Amino acid sequence: MLSEPTSDSRPMVSRNLIKWARVGWSVVVSITLVLSILGFSNWQSEELPQCTVPGAECPFFVVSREDVRLAQEMGLPTALTLLLTGTLPFILVRVCYLLLSFLLFWRRPDDWVAWMFSFSLVGAVLEQLVEYTGMLKPLALILLGVSGGAYILLPFVFPNGRFEPPWTRWIVIPLAVISVAFPEGSVQNFNLNISLWSVVAPLGIYALVYRYLRVSTATERQQTRWAVMGMLVGFVTLLLTIGIGSFYPAARPAYGRVIFLLVNGILYPGSGVVLLAFFTIAIVRYRLWDIDILIRRTLQYTLLTGLL
């Protein structure tokens, strides 16, 4: 276990703000739950697409009517059918988002980086549901936009709340404002945010490396390792999903595709929860366990997966 630095470098918040921040967090969560229930009920009422008809454009991860029909032919129980259609993972992942957000905010009420990450997790609950919130869509867009802006800032201020290198703030803050103003609630805004992340992602990696090598204390380096481990889990899962999914296009329903969708229904959303959980551990746990061996093993398996 690493020894602690002589001073606490966490971004502290005054005690006078903590009470009001908790009230604000509770209000935001309550609004998010109402919007999520409304959006989820409307989302569930929509029919699944038909991906075998001429002109249909369905990505490999989309579950179609043909997939559900094949699952029924295989005699899958109701629970696995819910897993296949994404209903069960959708609910469980969002419950995990809220639990992690609660853990962050209540364990680190004096840390504004924890605040930012906590609120971004709450907003992430509304992903894929904004279009189904009806007259409350503008409110859902605001919450989703703030969440997206917080995610953009996170790599540049984690874990001590200071921009490193300092000049990155003049690039990242305007990008975060654009993300807040144009959240991923439409195809046009989604494409815009993809463009933003094409700038943020490499710059964020540079900022993490710069901070790790030139600025971080021993504890902050260990926090960064936890965050990197979470990102590796997400990257490996994405690599596996794209690689295997390319063999099972939605236009060619098959029993093998149904099995792939079932496994992916657990693996892909689960990896997202693991990624966020590792970030949560890095923020909440001030004394961290040694993760170096786990990182080395993951890097080895990632390289092996890429070679295969």
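Is Arg69 buried, partly exposed or exposed, and what is its relative accessible area? Arg69 is partly exposed, with a relative accessible area of 42%. Here buried means under 20% relative accessible area, exposed means over 50%, and partly exposed lies in between (1.4 Å probe, protein chains only).

The model is predicted: local features need pLDDT of at least 70, side-chain atom pairs count only at pLDDT 80 or more, and totals for chains, interfaces and linings use all residues. Residues are numbered from 1 along each chain as its sequence is written, and side-chain values use heavy atoms, with hydrogens and water left out.

## Salt bridges

Four salt bridges are present in the structure. The term denotes a side-chain nitrogen of Lys or Arg within 4 Å of a carboxyl oxygen of Asp or Glu. Helices are DSSP runs (H or I, at least four residues), numbered from the N terminus. Three of the pairs are listed below, including the N to O separation of each.

| Pair | N to O distance |
|---|---|
| Arg65 and Glu47 | 2.8 Å |
| Arg257 and Asp67 | 3.0 Å |
| Glu73 and Arg69 | 2.9 Å |

Arg65 belongs to helix 2 (residues 65-73), whereas Glu47 sits in the loop between helix 1 (15-44) and helix 2, so their contact ties together parts 18 residues apart in sequence. Arg65 is partly exposed at 37% relative accessibility, while Glu47 is exposed, with a relative accessible area of 64%.

The bridge between Arg257 and Asp67 links distant parts of the chain, with Arg257 in helix 10 (residues 255-284) and Asp67 in helix 2, 190 residues apart. Both Arg257 and Asp67 are buried.

Glu73 pairs with Arg69, and these two residues of helix 2 are separated by about one helical turn because they stand four residues apart. Glu73 is partly exposed, at 47% relative accessibility.

## A nonpolar surface patch

A nonpolar patch of about 860 Å² lies on the surface, and its members are Trp20, Val23, Val27, Ile31, Val34, Leu136, Leu139, Ile142, Val146 and Val180. Patches consist of residues with over 30% relative accessible area and no salt bridge; like charges are joined within 9 Å, and nonpolar side chains (Val, Leu, Ile, Met, Phe, Trp, Tyr) within 5 Å. The areas come from the Shrake-Rupley method with a 1.4 Å probe, and for residues only the protein chains shown count as cover.

Helix 1 and helix 6 (137-157) each supply at least two residues of the nonpolar patch. Helix 1 gives the most, with five residues. Ile142, found in helix 6, is exposed at 53% relative accessibility.
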